[in-house]
Amino acid sequence: MSAHTLGKAVDFHVNDMSAEEVRQLIKKNINEFEYPIRLEEAVNWCHVDTYTLDCNEKLVTFTA
């Protein structure tokens, strides 16, 4: 667990989908998420965590 996620994060793979396909699916359906999230870009897995800083956007992307 890293400090920026407060324990509310997941790294995952989806069978038969690339990480980029999953990221695009999340972006397309972002309004289905209850809380704002951060989505990591430029990696071959998916990382999603809840975004706890003051932000008016439902989705924030980042690269580590």
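Let me start with a word we need: a residue is buried when its relative accessible area is under 20%, exposed when over 50%, and partly exposed in between, using a 1.4 Å probe and protein chains only. By that count, 31% of the 64 residues of this protein are buried.

A note on the source. This is a predicted model, where local features need pLDDT of at least 70, side-chain atom pairs count only at pLDDT 80 or more, and totals for chains, interfaces and linings use all residues. Residues are numbered from 1 along each chain as its sequence is written, and side-chain values use heavy atoms, with hydrogens and water left out.

Now the layout. The protein has one helix and four strands. Helices (H or I, at least four residues) and strands (E, at least two) are DSSP runs, numbered from the N terminus. Along the sequence, the pattern reads β-α-β-β-β.

Take the helix, H1, residues 19-28. Which of its residues are buried? They are Ala-19, Val-22, Arg-23 and Ile-26. Look down the axis of H1: these buried residues fall within an arc of 100°, so they line one face of the helix. The arc is taken from the directions from the helix axis to the C-beta atoms.

What does that face pack against? The buried residues of H1 pack against strand E1 (9-12), strand E2 (37-40) and strand E3 (46-50). Contact here means heavy atoms within 4.5 Å. Take Val-22. Leaving out residues up to four places away in sequence, Val-22 touches Phe-12, Val-14, Met-17 and Cys-46.

Next, the core. A nonpolar core is a set of buried Ala, Val, Leu, Ile, Met, Phe, Trp, Tyr and Cys residues joined through side-chain atoms within 4.5 Å. The largest one here has eight residues: Ala-19, Val-22, Ile-26, Ile-30, Ile-37, Leu-39, Cys-46 and Val-48. H1, E2 and E3 each supply at least two of them. The largest share, three residues, comes from H1. In soluble globular proteins, nonpolar side chains tend to be buried together.

One core member deserves a stop. Ile-37 is in strand E2. Why does Ile-37 count as buried? Because its relative accessibility is 4%. Its contacts, not counting residues up to four places away in sequence, include Ile-26, Ile-30, Val-48 and Val-60. The C-alpha atoms of Ile-37 and Thr-61 are separated by 8.4 Å, with their positions 24 residues apart along the chain.

On to strand E4, residues 59-62. Its side chains alternate. Val-60 and Phe-62 point to one face and are buried. Leu-59 and Thr-61 point to the other and are not. E4 runs parallel to E2, and four bridges join them. Two strands pair if DSSP finds at least two bridges between them. Leu-39 stands opposite Thr-61 in E4.

Phe-62 has a partner as well. Arg-38 lies over the face of Phe-62, at 3.9 Å from the ring centre. The rule for a charge over a ring is NZ of Lys or CZ of Arg within 6 Å of the ring centre and within 35 degrees of the ring normal.

Last, the loops. Most residues other than glycine have a negative phi. Asp-16, in the loop between E1 and H1, has a positive phi near 70°. Ala-42, in the loop between E2 and E3, also has a positive phi, near 65°. Asp-16 is exposed, with a relative accessible area of 80%. Ala-42 is exposed too, at 68%.
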